[in-house]
Amino acid sequence: KKINLTCYGHGGDQLPLESLSKDLGVSDRVHFMGKVPRNELLQLYFDYDVFLYPSLHDSGSFTVLEAMASGLPTVCLNRGGPGVSVLEDCGFSVDANGTKEEVVNRLVDAVMSYVKNRDLLKQHSEASVRRIREDYEWSVKAKRMFSYYEELVKQDK
């Protein structure tokens with residue numbers, strides 16, 4: 001089964017990656033969309049099956065949380081915020097240690113898990129939405145913070 005990769009955003013690596021996709025003969029399946037307005041991006045999440053976030057450096061990306069809220073299982077590296085946000089029931093947080101080839105192979109294996117097992121894709125999709133609702137929505141966070149403050153006040157008495 002052929003997999004398509006769509007990349008949003010624009011950075012210094014875009015031109016070399018476009019060239020690499022041509023050299024590898026996959027440019028018909030790798031699409032570089034450039035930067036899109038945020039409100040448009042929030043709607044685009046619903047057009048995809050999996051969110052791939054292989055960043056080594058972005059430690060707290062909201063895009064991971066937005067994708068999860070849209071029902072996308074996420075494949076990321078186990079670094080920073082994404083590695084903490086993506087639990088084993090809603091995606092794959094891939095070990096970032098080892099050679100580049102080893103890390104890339106782990107990312108590929110994680111994505112292929114969804115291609116091979118559509119039930120897992122559905123389960124992780126539902127769990128992603130549930131994770132955001134239970135742990136990241138503002139109303140939930142506000143209640144949690146209020147209970148922390150209540151507990152501190154009780155301890156102080």
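Here is a friendly exchange about a predicted model, covering its salt bridges, a surface patch and a few strands.

Trainee: How many salt bridges does the structure hold?
Mentor: Let's start with the general idea. Side chains of opposite charge can pair when their charged atoms come close. E126 with K122 is one of the pairs here, and R131 with D135 is another. For the structure, the number of salt bridges is five.

Trainee: Which residue forms a salt bridge with E126, and how far apart are the closest N and O atoms?
Mentor: Look along helix α6, where the two residues are four apart and therefore separated by about one helical turn. E126 is partly exposed, because its relative accessibility is 39%. The partner is exposed, with a relative accessible area of 51%. That partner is K122, and the closest N and O atoms are 2.7 Å apart.

Trainee: Is R131 buried or exposed?
Mentor: R131 has a salt bridge with D135, with the closest N and O atoms 2.4 Å apart. The two are four residues apart in helix α6, so about one helical turn separates them. D135 counts as partly exposed at 25% relative accessibility. R131 has a relative accessible area of 12%, and because buried means under 20%, R131 is buried.

Trainee: Which residues are linked with R131 in a network of salt bridges?
Mentor: Follow the chain of pairs: R131 forms a salt bridge with D135. D135 also forms one with R144, where the closest N and O atoms are 3.6 Å apart. R144 is partly exposed, with a relative accessible area of 29%. The residues linked with R131 in the network are D135 and R144.

Trainee: Leaving aside neighbours within four places in sequence, which residues is E134 in contact with?
Mentor: E134 sits in helix α6, which spans residues 118-135. E134 counts as partly exposed because its relative accessibility is 47%. With those sequence neighbours set aside, the contacts of E134 are V140 and R144.

Trainee: Which residues make the nonpolar surface patch, and what is its area?
Mentor: A good place to begin is M145, which lies in helix α7, residues 138-156. M145 is partly exposed, with a relative accessible area of 38%. The patch is made by M145, Y148, Y149 and L152, and its area is about 440 Å².

Trainee: Which residues of strand β4 are buried on each side?
Mentor: In a regular strand the side chains alternate between the two faces of the sheet. Strand β4 covers residues 74-77, and both of its faces are covered. One side has T74 and C76 buried, and the other has V75 and L77.

Trainee: Which residue is the bridge partner of F51 in β4?
Mentor: Strand β3, residues 51-53, runs parallel to β4, and three bridges join them. From β3 the chain crosses through helix α3, residues 62-69, to β4 in a right-handed β-α-β crossover. The bridge partner of F51 is T74.

Trainee: What stands opposite T74 in β5?
Mentor: β4 is also joined to strand β5, residues 91-94, by four bridges, and these two strands run parallel. The chain crosses from β4 through helix α4, residues 80-85, to β5, again as a right-handed β-α-β crossover. The residue opposite T74 is G91.

Technical notes: Residues numbered from 1 in each chain as written. Predicted model: local features only at pLDDT ≥ 70, side-chain atom pairs only at ≥ 80, totals over all residues. Heavy atoms only, no water. Buried < 20%, exposed > 50% of the residue type's maximum accessible area, 1.4 Å probe, protein only. Contact = heavy atoms within 4.5 Å. Salt bridge = Lys/Arg side-chain N within 4 Å of Asp/Glu carboxyl O. Patch = residues over 30% accessible without salt bridge, like charges linked within 9 Å, V, L, I, M, F, W, Y side chains within 5 Å. Areas by Shrake-Rupley, 256 points an atom, 1.4 Å probe, with all protein chains shown as cover. Pairing = 2+ DSSP bridges. Right-handed = clockwise from strand over helix to strand, strands pointing away.
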